[in-house]
Amino acid sequence: MIDAKTEVYGIIGHPVSHSLSPTIQNFAFCYHKINAVYLAFDVTDLESAIRGIRGLGIKGVSVTIPHKVSVIPLLDRLDELAEMTGAVNTILNKDGLLIGYNTDCLGAILAIKEKADIEGKDYVILGAGGAARAIGFGLKKEGANIIIINRTYEKGEALARALGGRSYPWDRIREISGYCLINATPIGMWPNVEQIPISREYLRNFKVVMDAVYNPLETRLLREAKRLGLVTIDGLKMLVYQGVAQFKIWTGRDAPKEEMLKVAREILG
Ligand code: NAP
């Protein structure tokens with residue numbers, strides 16, 4: 001029931017109408033019987049939106065494309081991972097103090113740890129955008145060796161340098177092997193569902209394959225990896241687990257992650 005004590009949370013981004021976050025976060029609030037609501041705010045004027053959070057006492061927000069970097073100077077404080085990655089996907093309003101966090105890192109690491117080892121292992125990340133940065137910094141913190149392969153080589157090289165790793169040009173993708181391959185590009189995302197970043201024969205160079213893409217749930221990359229008997233990790237887990245980490249920051253409670261995953265799978269399915 002919504003009443004005068006209902007706390008307001010939300011997501012700010014542009015566009016946001018496709019976001020799964022309102023469904024899974026409201027599910028978690030209901031599950032714990034917390035008097036709170038989570039709404040989607042389509043924001044183009046970021047400064048006004050942040051003033052609105054302060055002015056209206058909104059308790060917390062998720063931040064998505066295109067505001068993850070530009071929101072930083074508008075906040076009062078950053079946590080270590082947000083500082084490290086240079087991107088914020090979560091804001092906590094702590095008695096008027098706006099603190100920025102990055103739970104994309106945590107989401108990726110939680111999803112990976114369920115099925116794979118990290119410390120000392122060679123992780124090959126395709127891409128050097130927001131998802132690659134979050135995954136890369138999360139993996140670096142956990143002691144992985146990181147190799148970045150990006151279409152725009154200079155961008156990949158800059159990220160690899162920041163991660164203390166190595167980088168290779170995109171056309172050398174077939175020569176690279178490692179423990180885990182992670183696709184952090186939109187290749188294979190709906191509607192281009194038949195696209196795959198690396199042909200099947202070269203997937204044998206890896207033991208584990210993860211895709212940050214979650215629409216479709218099973219990308220062609222993951223399908224081919226499964227056929228080869230490799231361990232696979234889908235992008236939905238990263239998405240839901242970053243939401244679980246946000247819920248913990250906002251409420252101090254453990255979100256019902258299996259149930260949230262089920263709800264998200266039903267929507268995407
Ligand atoms: P982004 O910041 O725009 O970065 C996109 C990256 O992909 C860039 O490195 C770009 O290379 C590369 N790229 C794009 N098209 C390519 C192509 N046709 N061939 C080769 N490389 C290509 O995007 P992002 O936020 O990192 O998102 C990337 C994917 O991850 C999206 O599908 C997104 O939905 C997904 N994602 C998932 C989660 C999750 O929780 N599961 C979270 C965030 C993002 P250049 O540098 O050459 O442009």
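## Polar contacts to the ligand

In this predicted model, an oxygen atom of the ligand lies 3.0 Å from a backbone N or O atom of Gly130. Leu239 also uses its backbone: one of its N or O atoms is 3.3 Å from an oxygen atom of the ligand. Gly235 pairs with another element of the ligand. Here a polar backbone atom sits 2.9 Å from a ligand nitrogen atom.

On its own, the ligand has 920 Å² of accessible area, and the protein covers 76% of that.

## The pocket and its shell

Where does the ligand sit? It occupies the largest pocket. Two elements each give two or more residues to the shell: α5, spanning 130-141, and α9, spanning 235-251. The largest share comes from α9, with three residues.

In total, 22 residues surround the ligand. The closest are Ala128, Ala131, Asn150, Thr152 and Gly235. By character, the shell splits into 13 nonpolar residues, seven polar and two charged.

Which domains supply the shell? Domain 1 (7-102 + 237-268) and domain 2 (105-234) each contribute at least three residues. Domain 1 is written as two segments of the chain, 7-102 and 237-268.

## Cis peptide bonds

Two proline sites deserve a look in the backbone. The bond from His14 to Pro15 is cis, and its omega is near 0°. Pro15 belongs to the loop that links β1 (7-13) with α1 (21-31).

The bond from Ile65 to Pro66 is cis as well, with omega near 10°. Pro66 falls in the loop between β3 (60-63) and β4 (77-78).

## A positive phi angle

Which residue other than glycine has a phi near 55°? It is Lys33, and the value is positive. Lys33 is a loop residue, placed between α1 and β2, the latter covering 36-42.

## Recap

For the ligand, the backbone contacts to check are at Gly130, Gly235 and Leu239. The ligand is in the largest pocket, and both domain 1 and domain 2 help to form its shell. For backbone geometry, look at the cis bonds before Pro15 and Pro66, then at the positive phi of Lys33.

Conventions
Residues numbered from 1 in each chain as written. Predicted model: local features only at pLDDT ≥ 70, side-chain atom pairs only at ≥ 80, totals over all residues. Heavy atoms only, no water. Near = heavy atom within 4 Å. Polar contact = N/O pair within 3.5 Å; in protein donor to acceptor, adjacent residues only side chain to side chain. Areas by Shrake-Rupley, 256 points an atom, 1.4 Å probe, with all protein chains shown as cover. 1 Å grid on protein atoms, 1.4 Å probe; cavity = no way out; pocket = protein on both sides within 12 Å on 5 of 7 lines; lining within 4 Å. Sits in = over half its atoms within 2 Å of the grid points. Helix = DSSP H or I, 4+ residues; strand = E, 2+ residues; numbered from the N terminus. Nonpolar A, V, L, I, M, F, W, Y, C, P; charged D, E, K, R; others polar. Domains from an automatic or database assignment.
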